[in-house]
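Work through the exercises below with the sequence and the 3D view open. Try each task before reading its solution.

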Amino acid sequence: MKDRKLLNIELGRVSTVEYKSLPDSGLVLVLDNIRSAHNVGSAFRTADSFKADRVILCGICACPPSAEIHKSALGAEDSVAWEHVDDTMDAIHSLREQGYTIISVEQTVNSVKLDEFSAEPGRRYALVFGNEVDGVQQQVVDASDHSLEIPQWGTKHSLNVSVALGVVLWHCRYTMLRAGM
């Protein structure tokens, strides 16, 4: 039997209005000085795909409306709530006050390997992703509750931030859904 690709109309996509009325996932993305607008756009697209509740753009991050963001986001910048905060630490303090567990996605002395971490349903997580060159600022890592590290086996010990974001968001949503079954 031949396998047929689904047509867009068969994918069961929700509208932007329907998307905004879906239940919260408990996941917020914090982008700490991401320099590439294309990476910011990819973050929006991935956030939409895994139903992150919002994206917080910090520091030098480009903000919508932007042709470069739109090129990668494909309109997800309109479905996913977002805000800009000048200083990432201000965003971290605010999220902590709102009851979020702050998790920096960074390689640290005490980072937890992603495959050893399970996001719990009902908890709220702020996932911090850092600059393409410098990563998450040290002061942000210091202010985080945990650091998560994506296990890697090749010669490079880093991933593009948009790829890392997809891996971590998928894992968090999967472990939340699996635990909720």
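Helices (H or I, at least four residues) and strands (E, at least two) are DSSP runs, numbered from the N terminus. This is a predicted model, where local features need pLDDT of at least 70, side-chain atom pairs count only at pLDDT 80 or more, and totals for chains, interfaces and linings use all residues. Residues are numbered from 1 along each chain as its sequence is written, and side-chain values use heavy atoms, with hydrogens and water left out.

**Exercise 1.** Find the place of glutamate 77 and list what it touches.

*Solution.* Start with the helices. Glutamate 77 sits in helix α4, residues 76–79. Next, look for contacts (heavy atoms within 4.5 Å). Leave out residues up to four places away in sequence; glutamate 77 then touches Phe44, Pro64, Ile69, His70 and Trp82.

**Exercise 2.** Is glutamate 77 buried or exposed, and which side chain of opposite charge is nearest?

*Solution.* First, fix the terms. Buried means under 20% relative accessible area, exposed over 50%, and partly exposed in between (1.4 Å probe, protein chains only). Lys and Arg count as positive, Asp and Glu as negative; His and the chain ends are not counted. A salt bridge puts a side-chain nitrogen of Lys or Arg within 4 Å of a carboxyl oxygen of Asp or Glu.

Now apply them. Glutamate 77 is buried. The nearest side chain of opposite charge belongs to arginine 45, 9.3 Å away. Glutamate 77 has no salt bridge.

**Exercise 3.** With which side chain does glutamate 77 make a polar contact?

*Solution.* A polar contact is a pair of N or O atoms within 3.5 Å; within protein, one must be able to donate a hydrogen and the other to accept it, and residues adjacent in sequence count only if both atoms are side-chain atoms. The partner is the side chain of histidine 70, at 2.6 Å. Check the backbone too. The nitrogen of glycine 75 lies 3.1 Å from a polar atom of the glutamate 77 side chain.

**Exercise 4.** Which parts does the salt bridge between arginine 54 and glutamate 83 tie together?

*Solution.* The model has seven salt bridges. In this one, N and O are 2.6 Å apart. Arginine 54 lies in strand β2 (residues 54–58) and glutamate 83 in strand β3 (residues 81–85), so the pair ties together parts 29 residues apart in sequence. Arginine 54 is buried at 16% relative accessible area. Glutamate 83 is partly exposed at 32%.
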